[in-house]
Amino acid sequence: MTDHFHYQDGKLFAEGVNLEDIASRYGTPCYVYSHAALTEGFRQFASALNGRDHLVCYAVKANPNLAVLNLFARLGAGFDIVSGGELQRVIAAGGDAKKVVFSGVGKTKSEMRMALDAGILCFNVESAAELDLLNEVAGSLGKKAAISLRVNPDVDAKTHPYISTGLKQNKFGVAYTEAMDLYRKANAMSNIRITGMDCHIGSQLTEISPFIAAVEKVLFLVDELAREGIALEHLDLGGGLGIRYKDETPPAISEYVAALLSALEGRTQKLILEPGRVLVGNAGLLLTSVEYIKRGEEKNFAIVDAAMNDLMRPALYDAYHEILPVLREGHAHETYEIVGPICETGDFLGRERALPIVAQSLLAIMSAGAYGMSMSSNYNTRPRAAEVMVDGDRVHLVRERETVEQLYAGERIIA
Ligand code: LLP
C-alpha cells in the first residue's frame with residue numbers, strides 16, 4: 001500500500017475519498033487511480049535525472065487512459081508507443097509527438113506513415129526487414145526517419161519468462177552480434193538518420209545488476225560505432241523497473257537512476273528511459289464487490305464482480321496482487337479463494353486470502369494500475385470497468401463503464 005491508499009477509521013481511502021463512496025457512485029468493478037501517486041512517481045524520475053539531458057518516455061501500454069497520458073504530458077513526459085493506436089491516444093491526450101519513441105517488432109507500413117507524418121522523435125527498429133521497410137516508407141513520403149536499433153543484449157532479467165525480453169531466444173530486438181552490421185547498413189540508407197541506440201530487457205525487474213550489465217554491453221557498441229564515425233545523440237535504456245506487489249524489494253527510482261547515471265559517467269548523450277509499471281502500478285487499484293460467499297468442501301470461495309477479463313495478470317502470469325477489505329473490521333477473518341464469475345477455472349484474482357468479509361463487502365485489489373485495464377477484455381460479454389481518478393477529495397470519472405450495446409455495435413446479422 002502506498003500512502004495514497006490508506007485506512008482512516010478502519011475504512012480504506014484513496015487520497016481523501018472513501019472507497020465506499022466511489023463504489024456507490026460509480027459502481028463496481030471500478031479502477032481507481034491516485035493523481036498524487038502518479039505525479040509523485042514521475043517527479044521522482046525528474047528529480048533523479050535533474051541536471052542530465054533526458055526524456056522520460058512513459059510506456060503507454062502500462063495504462064493508456066487519456067487522463068493518465070495527459071497528466072504525464074503536463075509533467076513533461078514523452079511516450080514509448082508500440083502501435084499506431086497508442087500514437088493516436090498520445091495525440092488525443094495532448095502529448096507531444098516529437099517526444100514519442102516507437103518500439104515493437106511488427107510496425108506496419110501505415111503505422112510507419114502515421115508516425116512519420118506526426119514527426120515522432122525516433123523509431124526503435126527491431127529487425128533488418130523493418131529497417132528496409134522504414135527506409136522505403138520514409139522515401140515515399142520524402143522524409144528521413146530517425147532511428148535507433150533496439151539491441152538485444154542477451155542479458156537475463158531474472159523475471160517471469162513471459163515478460164523477459166532481452167535474451168537471445170526472445171523475439172525482441174536485433175541480435176547483439178548483428179547490430180554493428182545493421183548500423184553500418186542503416187548509415188548508408190538515404191531515408192534513415194541514425195540518432196540512438198535502444199535496449200529493453202524485460203519487465204518487473206527487482207535487481208539493478210541486469211540493467212547495468214545491459215548498459216555495459218550497449219556502451220561497448222556505442223564506442224565501436226563512434227570509432228567508425230557514427231555518433232549517437234541519445235541512449236534509450238528502456239523500462240522494466242519493478243514494483244512491490246507482495247514482498248519484492250525493488251530498488252527505488254532514485255537508486256535505479258543513480259546506478260544508470262554512474263554506469264554512464266562521462267557520456268553526454270541524451271538519456272531516454274521508458275518506464276511503465278513503476279509509474280502507474282501502485283497508483284491504481286481495482287475496486288470490486290463480493291457477490292456471493294460459497295462454502296465448498298475443501299475451500300471457501302468469495303465470488304466477486306471483477307474477473308480475469310478485468311485483471312488478467314493472476315490468470316496469465318500467476319501474479320500476486322494484494323487484496324484488502326475496504327472495511328477492515330466487523331466480520332471474522334476466514335480464508336477464501338477470490339474468484340470472478342467467468343467460466344474458467346483460471347478466473348481467480350487471489351488464492352488463500354484471509355479476509356473479514358461477507359456478501360456485499362467491498363475489496364480492493366491492489367497494485368492494479370499497470371497492465372490491469374490495458375490488458376482487459378470483454379470475455380463473457382462483460383463490459384469493461386469504469387475508471388476514476390482521485391485528486392485530493394475529488395473524484396473524476398476518466399472512463400465510463402462500457403455498455404453491452406457498445407460491445408456488439410460493430411457486429412452484423414447476415415440476411
Ligand atoms: N519499453 C518496451 C519496449 C517494452 O516492451 C516495455 C514493456 C516497456 C518499455 C515498459 O516496461 P515496464 O517499465 O512497464 O516494465 N503485461 C506484463 C508486462 C509486459 C511488459 C511488456 N513490455 C505484466 O502485466 O506484467
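In the predicted model, L235 has L271 of strand β13 as its bridge partner. This pairing belongs to the contact between strand β12, residues 234-236, and β13, two strands that run parallel and are joined by three bridges. Between these two strands the chain passes through helix α9, which spans residues 253-263, and the resulting β-α-β crossover from β12 to β13 is right-handed.

Strand β13, formed by residues 270-273, is also paired with strand β5, residues 54-59, again in parallel orientation and through three bridges. Here the residue of β13 that serves as bridge partner is L271, which is matched with H54. L271 is thus listed as the partner of L235 and of H54, and β13 runs parallel both to β12 and to β5.

These strands are part of a chain that contains 12 helices and 21 strands in total. For its 415 residues, a compact globule would be expected to have a radius of gyration near 22 Å, and the value of 23 Å computed for the chain therefore agrees with that expectation. Along the principal axes, the C-alpha atoms fill a box of roughly 70 × 60 × 40 Å.

With regard to packing, buried residues, taken as those under 20% relative accessible area, constitute 55% of the 415 residues in the chain. Among the contacts with a separation of 6 or more, 70% are accounted for by residues that lie 24 or more positions apart. The area exposed by the chain amounts to about 17800 Å², of which carbon and sulfur atoms supply 49%.

Conventions. Residues numbered from 1 in each chain as written. Predicted model: local features only at pLDDT ≥ 70, side-chain atom pairs only at ≥ 80, totals over all residues. Heavy atoms only, no water. Pairing = 2+ DSSP bridges. Helix = DSSP H or I, 4+ residues; strand = E, 2+ residues; numbered from the N terminus. Right-handed = clockwise from strand over helix to strand, strands pointing away. Rg over C-alpha atoms; globule rule 2.2 N^0.38 Å. Buried < 20%, exposed > 50% of the residue type's maximum accessible area, 1.4 Å probe, protein only. Contact = heavy atoms within 4.5 Å. Areas by Shrake-Rupley, 256 points an atom, 1.4 Å probe, with all protein chains shown as cover.
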